[in-house]
Amino acid sequence: MTTSATPAFDLYGFWRTSATYRVRVALAMKGLPVHEHIVNLDAGEQHSPVYRALNPLGGIPTLVEPGHAPITQSLAILEFLEETQPEPPLLPSERHARARVRSLAGMLAADTHPLITPRVRKYLNASHGLDDAAWRAWQTHWFGTGLRAVEQRLASEAETGVFCHGDQPGMADICLASVLAVMQVFQIEVRDIPTIERIVARCQTLAPFARAHPRRQPGAPAA
Ligand SMILES: N[C@@H](CCC(=O)N[C@@H](CS)C(=O)NCC(=O)O)C(=O)O
């Protein structure tokens, strides 16, 4: 159980990143204190030796609890925060329900979001001459592929409620909102996902989600 003596975590993030958004929301939901440090993706700071020592893949975020090894991978971080501070839960108590929530979260955070990261863009640009228009088409394709599959599940599975699983927000909602947040930043639109739009609109009425929005972070452009 966490106490008021819990030392603040250090979170290495960047304003627009979807994976950092996930961790920000979870920390806020659980009321865990955090100091956020900016790793400027536009300046390539994720490749600096100092950051690579924390996160060898050069991905953001990384969470550090003082005195412990850095934790990378947003889903691993969410699981760690769940164990650190179980209330309010990000996962349901029943094992099949937990598997469903983790499965939805994985569709978004593991199978959709990584395909549109800067390192993928950089590689495609350098090795295949991918221009801006082709990159937009790539983003739209992979966001659409992931979100349509998630929509199909959310719209047809009985466990879907006000949120992705029942009527309490959890890990799948965090991942869903994180993907829509970065799509908004890149102005990518995917049509015909009404269940997703309904759930994310509800998430945005909650302070931890609203405060984690990319545009509200230090370093975000004014417009
Ligand atoms: N699977 C990782 C993905 C981390 C990741 O790729 N983050 C992006 C920002 S959302 C990043 O740092 N990209 C840097 C790059 O691609 O060079 C996680 O969920 O933490």
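What follows is a working chat about the two domains, salt bridges and backbone features of a predicted model.

Reader: What am I looking at, and what are the ground rules?
Author: This is a predicted model: local features need pLDDT of at least 70, side-chain atom pairs count only at pLDDT 80 or more, and totals for chains, interfaces and linings use all residues. Residues are numbered from 1 along each chain as its sequence is written, and side-chain values use heavy atoms, with hydrogens and water left out.

Reader: How is the protein divided?
Author: Into domain 1 (11–84) and domain 2 (95–216). Those bounds come from an automatic or database domain assignment.

Reader: What separates the centres?
Author: 19 Å, taken over C-alpha atoms.

Reader: How many residues of each domain are in contact?
Author: 16 residues of domain 1 touch 25 residues of domain 2. Contact means heavy atoms within 4.5 Å.

Reader: And how much area do they bury?
Author: About 1,900 Å² between them, with 70% of it on carbon and sulfur atoms. Buried area is the accessible area (1.4 Å probe) that two parts lose on being put together, summed over both.

Reader: Which three residues supply the most on the domain 1 side?
Author: Trp15, Tyr21 and Arg22. They supply 33% of the area that domain 1 buries against domain 2, more than any other three residues.

Reader: Polar links across the interface. How many salt bridges?
Author: One. A salt bridge here is a side-chain nitrogen of Lys or Arg within 4 Å of a carboxyl oxygen of Asp or Glu.

Reader: Any pair joining glutamate 79? Which partner, and what distance?
Author: Arginine 102. The closest N and O atoms are 2.8 Å apart.

Reader: How many residue pairs are in polar contact across the interface?
Author: Six, both residues at pLDDT 80 or more. A polar contact is a pair of N or O atoms within 3.5 Å; within protein, one must be able to donate a hydrogen and the other to accept it, and residues adjacent in sequence count only if both atoms are side-chain atoms.

Reader: Which helices supply the domain 1 side?
Author: Helix H1 (18–30) and helix H3 (74–84) each supply at least two residues of the side that touches domain 2. H1 gives the most, with nine residues. Helices (H or I, at least four residues) and strands (E, at least two) are DSSP runs, numbered from the N terminus.

Reader: How do the residues on that side divide?
Author: 10 nonpolar, two polar and four charged. Ala, Val, Leu, Ile, Met, Phe, Trp, Tyr, Cys and Pro count as nonpolar, Asp, Glu, Lys and Arg as charged, and the others, Gly among them, as polar.

Reader: Switching to histidine 213. Buried or exposed?
Author: Buried, at a relative accessible area of 17%. Buried means under 20% relative accessible area, exposed over 50%, partly exposed in between (1.4 Å probe, protein chains only). Histidine 213 is in the segment after helix H9 (207–211).

Reader: What does histidine 213 touch?
Author: Tyr21 and Gln184, leaving aside its neighbours within four places in sequence.

Reader: Back to salt bridges. What does the count come to?
Author: Nine by this rule. One of them joins aspartate 42 and arginine 16 at 2.9 Å, N to O. Aspartate 42 is in the loop between strand S2 (34–38) and helix H2 (49–54), and arginine 16 is in the loop between strand S1 (9–13) and H1, 26 residues apart.

Reader: Aspartate 42: buried or exposed?
Author: Exposed, at 55%. Arginine 16 is buried, at 13%.

Reader: What about arginine 24? Which residue does it pair with?
Author: Glutamate 36, with the closest N and O atoms 2.9 Å apart. Arginine 24 lies in helix H1 and glutamate 36 in strand S2, so the pair ties together parts 12 residues apart in sequence. Arginine 24 is buried at 8% relative accessibility, and glutamate 36 is partly exposed at 34%.

Reader: And arginine 100?
Author: Arginine 100 forms a salt bridge with glutamate 157, closest N and O atoms 2.7 Å apart. Arginine 100 is in helix H4 (residues 95–109) and glutamate 157 in the loop between helix H6 (132–156) and helix H7 (171–186), so this pair ties together parts 57 residues apart in sequence. Arg100, Arg153, Glu157 and Glu159 are linked in a network of salt bridges.

Reader: Last topic, backbone. Which bond joins isoleucine 60 and proline 61?
Author: A cis peptide bond, omega about 15°. Another cis peptide bond joins glutamate 87 and proline 88, with omega about -10°.
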